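Welcome! Below are some short exercises, each followed by a worked solution, to help you find your way around a new structure. Take a look first, then try each task before reading on.

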Amino acid sequence: MELKQKLEILADAAKYDASCASSGTDKRTSANGKGIGSTTGMGICHSYAPDGRCISLLKILLTNFCVYDCIYCVNRVSSNVPRARFSVDEVVNLTLSFYRRNYIEGLFLSSGIIRNPDYTMEQVVEVARVLREVHDFRGYIHLKTIPDASAELMARAGLYADRLSINVELPTIASLHTLAPEKDGKAIRRSMGQLRLKIEESKEKTLTGKRPPRFSPGGQSTQMIVGADSTDDRAILDTSAHLYGAYRLRRVYYSAFSPIPDASKMLPLKAPPLVREHRLYQADWLLRFYGFDAEEIITGEDGMLDLDVDPKTAWALQHREQFPVDLNRAPKAMLLRVPGLGVTSVARILAARKVRAIRYDDLTRLRLSLKKVLPFVVLPDYHPGRSLDDNHLKQRLQQPVPVQQFGLF
Amino acid sequence: MQTVRLTSETDIEGWRNAARALLLQEIAPEHIQWRVGQQTHGLFDLPEDEMAPSQRVNQRPTHQFKVPREFIELCRQVILHRDPSRFALLYRLLWRLKAQPKLLQLSVDPDVAKAQAMVKAVRRDLHKMKAFVRFREIEMENGESEFVAWFEPSHHIVEASAPFFTGRFTNMRWSILTPEICMHWDGHRLNYTTGASKADAPAQDAGEELWRSYYRSIFNPARLKVPAMLAQMPKKYWRNLPEAPLIAKLIADSSPRMHGMIVAKPTEPQRKIVKYVAKEESRRLPADAGGVIKALRELNDTMLSSADFPLAVHATQAVLGQGVAPATVLLLGEQPQEQDDLAGQPFTGQAGTLLDQALNAAGIGRSDVYATNLLKHYKFKLQGRRRIPLALDDRDIQTYLPWLRAEIEIVQPSVIVAFGPIAARALYGKGMEIAAHGSKLLPLPGGRQLVVTIQPAVILSIRDQATKQLRYEQLVKDLALAAKAATQLALEKG
């Protein structure tokens with residue numbers, strides 16, 4: 001089979017993994033090396049596809065042959081999609097040639113399970129080894145880790161990779177059991193626990209002052225499929241909160257279950273719940289950066305996030321008694337709860353108000369959505385009046401769902 | 001009106017020298033015009049007032065005020081912006097800083113806001129340049145390759161991008177051509193030449209076809225989000241991106257492709273499906289006199305499959321007992337710590353290390369004892385992004401006690417060392433007090449002895465070094481007491 005055809009099959013098979021991050025690892029360059037590559041710490045998106053997703057890494061599977069039969073998955077053993085398998089050298093050369101042209105930050109390599117987990121993991125690790133040791137490649141490498149792979153393989157994966165990830169796939173162990181019978185939810189947790197210990201260990205100096213071996217300096221992440229089972233948003237966010245707490249994940253990715261070619265008859269297809277996915281990401285941000293608890297973010301009685309307004313606005317509308325907030329006096333934690341104020345705006349307000357009082361005109365220069373902010377704040381020369389009592393406040397704050405602009409093309 | 005001429009668009013040194021001198025002469029911002037290079041004179045621009053910045057280099061202000069470091073940083077970024085008013089804006093900020101030292105904290109001030117917006121635009125442009133430069137490969141006569149890219153930045157950022165490209169493509173020969181300035185790297189030295197045009201860069205090369213294949217295949221037609229793409233990859237960049245010509249067709253075909261997948265009839269697998277069965281890890285048991293280890297494993301498997309442990313829902317795993325069995329000494333903790341939950345073993349982490357040290361000092365090896373906890377799951381509450389350990393209560397003890405009792409029956413220790421009063425009370429009864437019963441041999445039913453001692457984790461948390469040492473010595477003494485009693489009991493039995 002031609003390389004181009006393999007690339008098409010194995011990129012197509014990899015696109016349901018949302019993660020493409022190239023951030024969070026240590027900074028390095030090729031200045032004293034023989035090969036190519038560098039990492040900046042913040043990650044770079046080299047392109048964007050019309051699905052809005054960033055293309056930062058060459059995201060491919062080593063092979064889409066798989067012995068598992070996860071019914072949501074395009075690569076399950078019972079699917080008739082075309083199959084292909086890259087050789088180690090093919091992946092290495094593809095990565096290097098894309099990298100030289102500045103198309104990518106590095107490689108995100110995953111694989112269908114062939115023979116058994118350890119064999120598969122060994123192949124994946126071998127690609128990373130050749131890139132690092134033979135070619136002195138210093139770009140980003142993200143490896144998908146196979147749960148319960150041997151400790152020795154795991155240590156080698158961590159040595160070469162900038163990030164490791166294991167997908168929890170579904171929000172609950174029970175759903176995983178139903179939809180991915182060969183996957184073991186407990187093994188996934190065990191492996192994430194091991195990864196956290198190894199990542200933390202690699203950052204500590206030993207008593208002798210020797211540096212422990214490198215281990216996944218960009219941490220670990222995971223992905224959950226949303227909408228393939230009936231789990232509600234409350235349970236999803238609860239799972240996320242626990243994953244962040246227990247395993248110090250850099251990110252939990254939410255992937256709306258999306259139609260795949262040759263789908264299983266056990267899982268009827270529909271358009272992916274993209275708005276729900278978007279709201280989950282917003283809620284995830286509130287968990288990580290805005291001091292919200294998983295429990296309070298869910299405002300709907302059905303355990304779901306409000307699809308009409310963002311979760312922070314939805315929360316504020318349900319807690320109108322806590323508003324309006326005085327931008328010149330409120331503590332930071334409360335400013336972070338004002339709809340329309342981001343982490344940067346809050347930092348700017350806190351710095352500015354130490355110098356002088358903030359007034360209405362000042363808000364226009366903070367480049368924020370006045371429509372969102374104004375009903376919830378009070379300033380020396382501004383009061384929202386009775387707008388907080390307005391029954392139509394929610395309708396006024398609703399963002400019209402953007403209509404596809406096909407006319408552009 | 002004074003005019004200052006800077007040597008180039010990014011002449012930060014020239015601007016600084018001039019600004020320093022002008023400030024010293026107390027020349028207000030509105031009396032200064034800033035120009036770059038050999039521009040034609042403005043109408044009111046009097047040539048005799050012009051001074052090159054270099055003339056003022058050596059003037060040292062006598063009552064110099066201290067410019068905040070962050071202002072210098074701001075200048076370095078703002079000067080890369082293409083807006084011709086940036087030099088005046090920076091001088092105005094400097095002028096105002098004299099009277100308002102905290103001015104830069106005021107993001108709501110119009111001048112500060114404008115400068116910050118410029119910084120943001122410059123950073124974004126720099127970031128997009130790093131992202132969207134696309135090299136094309138030219139084979140040279142000696143068989144080596146040279147990589148050439150054409151890029152059109154919005155601001156004066158080419159030189160600022162150099163460290164990125166030299167650090168990344170150190171061992172490649174490359175050139176980045178732009179309308180204003182070109183940058184060349186031969187593997188050792190960086191070299192700048194004057195601006196070029198798109199025609200100077202190579203046309204398509206074969207390597208781009210693979211990249212386009214990748215771009216087409218990684219796109220998911222079922223999740224069209226054109227505005228999200230445009231926000232990050234505005235159309236102004238498209239003309240130099242080899243993948244951009246694919247976009248229109250990908251968008252046009254996406255809806256029929258998604259619909260096709262939804263209505264497609266499920267197919268029957270065309271290959272023979274062999275149900276995958278994971279090979280059980282070799283469950284060969286170590287030498288197991290009397291089937292003790294097998295019995296323990298069966299007990300744990302039975303308990304693990306039970307739904308009666310609410311703490312199991314969010315725990316990483318059950319932390320099972322570990323060590324030799326049968327054992328003469330059983331170490332009993334209250335509950336697994338967070339580290340134990342992650343590792344799947346009791347007494348790991350710092351507390352485990354301290355315990356090992358104490359066992360060693362008491363002449364006991366960890367491999368001579370059986371170690372377990374009263375609770376088999378880590379009990380915690382989630383606080384933000386931390387798991388905070390929770391104290392166990394009576395109900396937890398009732399839930400897990402049958403497991404522990406069965407474990408003890410299998411392991412058959414003659415002495416149990418309980419770390420802390422809670423673990424001890426679970427076996428001895430509520431009347432147990434450390435003050436009265438600590439560091440003594442207490443009788444348990446079935447001829448066993450109990451020693452209650454301090455928890456290693458508690459010792460770790462003691463701040464006062466002298467007290468810490470005392471408590472540690474007590475722990476060693478208690479362990480030695482347990483070891484001695486175990487030997488004694490073995491002799492009596494023997």
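Two residues are in contact if their C-beta atoms, placed from the backbone, lie within 7 Å. Keep in mind as you work that this is a predicted model.

**Exercise 1. Find the contacts of B:Ile176, leaving aside its neighbours within four places in sequence, and then place this residue in a nonpolar core.**

Solution.
- Step 1: Apply the contact cut-off to B:Ile176 and skip neighbours within four places in sequence; the partners are B:Val133, B:Ala149, B:Phe151, B:Phe165, B:Cys182 and B:Met183.
- Step 2: Turn to the largest nonpolar core, which has 181 residues. B:Ile176 is among the members that touch the most others, together with A:Leu10, A:Leu109 and B:Ala149.
- Step 3: Look for a core apart from this one. Another core has 47 residues, including B:Val369, B:Trp403, B:Ile459 and B:Ala485.
- Step 4: Set this beside a general tendency: in soluble globular proteins, nonpolar side chains tend to be buried together.

**Exercise 2. Describe the overall form of chain A, and decide how its radius of gyration stands against the globule rule.**

Solution.
- Step 1: List the secondary structure: chain A contains 15 helices and ten strands.
- Step 2: Compare the radius of gyration with the rule. Chain A has 24 Å, close to the 22 Å given by the globule rule for 409 residues, so chain A is as compact as a globular protein of that length.
- Step 3: Add the extent: the C-alpha trace of chain A spans about 70 × 55 × 50 Å along its principal axes.
- Step 4: Check burial, where 20 or more other C-beta atoms within 10 Å make a residue buried. Buried residues account for 51% of the 409 residues in chain A.
- Step 5: Divide the chain: domain 1 covers 3-220 and domain 2 covers 319-397 of chain A. Their C-alpha centres lie 43 Å apart.

**Exercise 3. Repeat the description for chain B: what is its radius of gyration, and what would a compact globule of 494 residues have?**

Solution.
- Step 1: Chain B comes to 16 helices and 15 strands.
- Step 2: A compact globule of 494 residues would have a radius of gyration near 23 Å, but the value for chain B is 38 Å.
- Step 3: Along its principal axes, the C-alpha trace of chain B spans about 110 × 80 × 50 Å.
- Step 4: Of the 494 residues in chain B, 37% are buried.
- Step 5: Take the contacts in chain B between residues at least 6 apart in sequence; 71% of them join residues at least 24 apart.

**Exercise 4. Explore where the two chains meet: how many residues of chain B are in contact with chain A?**

Solution.
- Step 1: Count both sides: 68 residues of chain B are in contact with 78 residues of chain A.
- Step 2: See which elements take part. Among those that each supply at least two residues to the chain B side are α4 (110-132), α8 (247-263) and β12 (386-389).
- Step 3: Sort this side of chain B by class, which gives 39 nonpolar, 17 polar and twelve charged residues.
- Step 4: Zoom in on B:Met261, found in helix α8 of chain B. Not counting residues up to four places away in sequence, B:Met261 touches A:Pro259, A:Ile260, A:Pro261, A:Ala263, A:Leu269 and B:Ala222.
- Step 5: Classify B:Met261: it has 17 C-beta neighbours inside 10 Å, so it counts as partly exposed.

**Exercise 5. Trace two hairpins and an open sheet in chain B: which residues take a positive phi in the hairpins?**

Solution.
- Step 1: Strand β3 (residues 136-139) and strand β4 (residues 145-150) of chain B run antiparallel and are joined by four bridges. B:Glu137 has B:Phe147 as its bridge partner in β4(B).
- Step 2: Five residues lie between these strands, and B:Gly143 takes a positive phi near 90° in this hairpin.
- Step 3: Strand β11 (residues 380-383) of chain B pairs with β12(B) in the antiparallel sense over four bridges, and B:Gln383 stands opposite B:Arg386.
- Step 4: Here two residues lie between the strands, and B:Gly384 takes a positive phi near 60°.
- Step 5: Now follow the open sheet of six strands in chain B, with mixed pairing and the order β8-β10-β9-β13-β15-β14. Its edge strands are β8 (322-323) and β14 (441-443), each pairing on one side only.

Terms used:
Residues numbered from 1 in each chain as written. Chains lettered and ligands numbered in written order. Rg over C-alpha atoms; globule rule 2.2 N^0.38 Å. Buried ≥ 20, exposed ≤ 12 C-beta atoms within 10 Å, placed from the backbone. Nonpolar A, V, L, I, M, F, W, Y, C, P; charged D, E, K, R; others polar. Domains from an automatic or database assignment. Pairing = 2+ DSSP bridges. Core = buried A, V, L, I, M, F, W, Y, C linked by C-beta atoms within 7 Å.
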